[in-house]
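Please look over the sequence and the model shown here before reading on. The notes that follow are grouped by topic.

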Amino acid sequence: GEGEAVTAEAKTNTCVPVDLAKEKGISAAEFNLLTNLQDRRIELDARENDILTREGILKTAEAIVQAKIDNLHQVEGNIQKLLGQVDEMEAQRIAGLVRVYEKMKPKDAALVMQGLSDETVIAIASKMKDQSLALILAKMDTVRARQITSMLAQIDDNQIQSAMNPPPAPAAAPQKV
């Protein structure tokens, strides 16, 4: 029955290499070796194609990543430019306020500045001419004048410390060999 058909088929398969080997004038062992080498070559060719495909995918992915990095650098540059514009606008705004307070009578400027936030007062006072600031501080409540003077001194101390002890330079990036 069925078992005999399988056995006959197995015998036919084992006989084919021997018959083909005899036809080609080589031994069955040599024929099997050549067949195995051919199978191995097909397998290696498939692997090579797979590797080439993966290399192509990696190159495409690298190009996409590089494009995104370049885009991010461009966005970063735009942000830096915008921040520079904001800083410039802020500096112009403070310079305008400084001019306004320097033109006011010291008594009037003192009354207004006394109620301003610390940040605003320091931003304006730190840019004022010494003479104008002195006249305004003289007309202020002594407690507030002391606070402002103390904050201005801290700014000066921080600037002196920064000048004397510059921040450490960033470590050099490792060189690629």
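**Confidence and conventions**

This is a predicted model, and the mean pLDDT of its chain (pLDDT being the predictor's confidence in each residue, from 0 to 100) is 83, with 77% of the residues reaching 70 or more. Local features need pLDDT of at least 70 and side-chain atom pairs count only at pLDDT 80 or more, whereas totals for chains, interfaces and linings use all residues. Residues are numbered from 1 along each chain as its sequence is written, and side-chain values use heavy atoms, with hydrogens and water left out.

- Confidence is lowest in helix 1 (residues 2–24), at a mean of 55, and highest in helix 5, at 93; helices here are DSSP runs of H or I with at least four residues, numbered from the N terminus.
- Over residues 5–13 pLDDT stays under 50, and for these residues the model has zero contacts (heavy atoms within 4.5 Å) beyond four places in sequence.

**Helix 2**

- The 76 residues of helix 2 should span 112 Å at 1.5 Å a residue (the expected span being 1.5 Å times one less than the number of residues), which agrees with the 111 Å between its end C-alpha atoms.
- Phe-31, Ile-94, Val-98 and Tyr-101 are buried in helix 2, where buried means under 20% relative accessible area, exposed over 50% and partly exposed in between, with a 1.4 Å probe and protein chains only.

**The largest nonpolar core**

- The largest nonpolar core (a set of buried Ala, Val, Leu, Ile, Met, Phe, Trp, Tyr and Cys residues joined through side-chain atoms within 4.5 Å) has 19 residues, and those with the most contacts inside it are Met-113, Met-128, Ile-136, Met-140 and Ile-148.
- Two or more residues of this core come from each of helix 2 (28–103), helix 3 (106–114), helix 4 (118–125), helix 5 (130–139) and helix 6 (142–164).
- Leaving aside residues up to four places away in sequence, Met-113 touches Tyr-101, Val-121, Ile-124, Ala-125, Met-128, Ile-136, Met-140 and Arg-144.

**Arg-144**

- Arg-144 lies in helix 6 and counts as buried because its relative accessibility is 9%.
- The side chain of Arg-144 makes a polar contact (a pair of N or O atoms within 3.5 Å, one able to donate a hydrogen and the other to accept it, with residues adjacent in sequence counting only if both atoms are side-chain atoms) with the side chain of Gln-147, at 3.1 Å.

**Ser-126**

- Ser-126 sits in the loop between helix 4 and helix 5, and its 36% relative accessibility is why Ser-126 counts as partly exposed.
- The side chain of Ser-126 reaches the backbone oxygen of Ile-122 at 2.8 Å, and a polar atom of that side chain lies 3.3 Å from the backbone oxygen of Ala-123.
- Although Ser-126 and Leu-152 are 26 residues apart along the chain, their C-alpha atoms are separated by 6.6 Å.
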